[in-house]
Amino acid sequence: MRTISPLSVLKTDAASLRRGRRTTADEDTDFLELLWERAQTSPGKLAATALGLILLIIIAGATVAQAVAERTQGLDTTLRRAEPLTNVTLTLYTELSIADAITGAVFLSPGLESQEMRDRYDKAIAAASAATVQVAANTQSQQLETIAEELPVYTKLVESAKVYNRAGKPVGAAYLSQASHLMQTVILPAAEHMHRDQIDALEAAQQQQTQLPWAPALLLTLALGSLVLAQLHLSKRSRRRFNPGLILASGCFALLLLWFLVASAFLVTLSGEGQRKGTDPLRTLTAARIDVQQARTQETLQLLRRGDEDQLEQSYRSSMAAAHNQLDELDRAQGEPGARQTAASAAQAWEKTHEQLRKDLVAGMYGESVELAIGPSPDACAAQYRSLDKALTSDIEHSRRTLRDSVASAREALTALAPATAVLSFLAAAFVVAGYWPRLNEYRA
């Protein structure tokens with residue numbers, strides 16, 4: 001009987017363990033080698049080509065779907081947030097300016113404050129407060145915090161000024177001057193800065209929509225070209241002129257590419273039109289309206305701040321010159337019909353009346369100056385300012401409508417593209433499978 005030593009048993013077990021470990025470690029390598037060997041065969045090459053085409057179709061379709069989703073989201077943001085928020089910030093500035101102008105007119109008017117002026121002031125402050133809340137619900141900024149903190153201070157100063165004015169005490173003018181200084185140097189600049197930030201954001205969003213989406217278009221072209229080359233290669237290999245599956249897959253992607261290019265062209269064209277006829281005039285018109293409102297405030301303050309007339313007159317002229325420059329940039333043949341011509345005529349008439357106001361003020365004819373500034377006559381500065389502001393407001397609303405209509409039309413151009421991309425990509429992948437499956441079955445037969 002042969003004796004088996006414990007050492008030989010251990011060696012045998014160790015060898016078995018080493019073989020077991022080597023087999024486990026090499027499983028993945030053996031699978032990859034087998035896969036590579038299979039891929040070198042004719043059916044393996046066909047299967048690899050089909051998988052590559054399907055993968056390229058999925059990538060191209062996903063890229064297009066993502067691009068469409070991003071464009072759609074950008075257009076929705078413009079319609080639902082950027083453009084309305086830009087208008088709200090302009091409303092905020094306008095109502096604040098109106099409130100300050102009414103307050104000044106109250107102190108220029110003889111006698112006590114009329115109910116009409118009180119109602120107009122309250123309405124302006126309420127509208128400004130509502131606009132502040134609406135802006136705060138959509139964005140946060142240092143300027144907004146400044147307005148929210150300082151507006152209650154302003155209204156408190158105004159109410160104190162009115163109380164002292166009704167009591168016939170001169171200290172009311174000091175409170176009014178302090179309130180107006182707070183409005184002109186802190187609150188209105190913050191509102192103007194906030195409005196400019198919003199219109200910059202609106203313009204940037206519009207500019208982004210005017211860029212052609214090259215990456216998705218190139219991927220679609222690459223996928224379509226690959227399908228055509230695969231069709232040519234397969235027809236040469238199988239000696240069959242046509243492969244119905246690949247022809248249908250190529251047709252799906254040709255349709256998708258054409259659809260994408262046409263929709264993108266519409267999007268870029270409409271976005272460009274919206275920027276040219278909407279955003280650009282809107283920026284110019286709102287800047288002109290702000291300049292006009294500043295000029296009106298400076299005109300009124302000349303009658304309230306005796307001794308500062310020359311400095312305020314210089315500010316008035318500077319604001320009106322800026323407004324004229326803004327209006328000269330606009331094409332008067334576009335915009336709200338007749339609005340830009342009306343604005344230019346009203347500005348010229350207002351400046352002419354203002355010159356007479358200045359002459360009366362320099363000559364010491366204070367009562368006549370006040371009458372020209374705030375009087376009810378249609379030839380007074382107040383009526384001419386309102387005519388100019390009304391024309392600018394009408395043109396601003398026309399630019400807003402043009403912008404929104406262009407963005408809405410661009411949004412509609414993309415409505416069906418997203419689901420069409422998913423359907424056509426799925427069909428193209430299915431047709432690739434249908435085109436290659438019969439060729440692969442030939443090798444099984």
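**Exercise 1.** Leaving aside neighbours within four places in sequence, which residues is Q298 in contact with? Then place Q298 in its helix and decide whether Q298 is buried or exposed.

*Solution.* The model is predicted.
- Step 1: Look for the contacts. Q298 is in contact with L312, S315, Y316 and S319, once neighbours within four places are left aside.
- Step 2: Find the helix. Q298 sits in α8, which covers residues 244-304.
- Step 3: Check the accessibility. Buried means under 20% relative accessible area. Q298 has 14%, so Q298 counts as buried.

**Exercise 2.** Describe the surroundings of A161. How far apart are the C-alpha atoms of A161 and G172?

*Solution.*
- Step 1: Locate the residue. A161 belongs to helix α5, residues 142-166.
- Step 2: Test for burial. The relative accessible area of A161 is 0%, so A161 is buried.
- Step 3: List the contacts. Not counting residues up to four places away in sequence, A161 touches F107, G172, Y175 and L176.
- Step 4: Take the distance. A161 and G172 are eleven residues apart along the chain, and their C-alpha atoms are separated by 4.1 Å.

**Exercise 3.** Name the buried residues of helix α11. Why do they line one face of the helix?

*Solution.*
- Step 1: Pick out the residues. Helix α11 runs over residues 366-374, and its buried residues are S369, V370, L372 and A373.
- Step 2: Look down the axis of α11. The buried residues fall within an arc of 165°, so they line one face.
- Step 3: Recall the geometry. An α-helix has 3.6 residues a turn, so residues three or four places apart point the same way.

**Exercise 4.** Which residues form a nonpolar patch on the surface with L218? Is L218 buried or exposed?

*Solution.*
- Step 1: Find the partners. L212 and W214 form the patch together with L218.
- Step 2: Give the area. The three residues have about 360 Å² of accessible area together.
- Step 3: Place L218. This residue is in helix α7, residues 214-238.
- Step 4: Apply the cut-off. Exposed means over 50%. L218 has 58% relative accessibility, so L218 counts as exposed.

**Exercise 5.** Now the whole protein. How many helices and strands are there, and what share of the residues is buried?

*Solution.*
- Step 1: Count the elements. There are 13 helices and zero strands.
- Step 2: Turn to burial. The protein has 445 residues, and 45% of them count as buried.
- Step 3: Add the surface. The accessible surface is about 23300 Å², with 59% belonging to carbon and sulfur atoms.
- Step 4: Consider contacts with a separation of 6 or more. Residues 24 or more positions apart account for 83% of these.

Definitions and conventions: Residues are numbered from 1 along each chain as its sequence is written. This is a predicted model: local features need pLDDT of at least 70, side-chain atom pairs count only at pLDDT 80 or more; totals for chains, interfaces and linings use all residues. Side-chain values use heavy atoms; hydrogens and water are left out. Buried means under 20% relative accessible area, exposed over 50%, partly exposed in between (1.4 Å probe, protein chains only). Helices (H or I, at least four residues) and strands (E, at least two) are DSSP runs, numbered from the N terminus. The arc is that of the directions from the helix axis to the C-beta atoms. Patches are made of residues with over 30% relative accessible area and no salt bridge: like charges are joined within 9 Å, nonpolar side chains (Val, Leu, Ile, Met, Phe, Trp, Tyr) within 5 Å. Accessible areas come from the Shrake-Rupley method with a 1.4 Å probe; for residues, only the protein chains shown count as cover. A salt bridge is a side-chain nitrogen of Lys or Arg within 4 Å of a carboxyl oxygen of Asp or Glu. Contact means heavy atoms within 4.5 Å.
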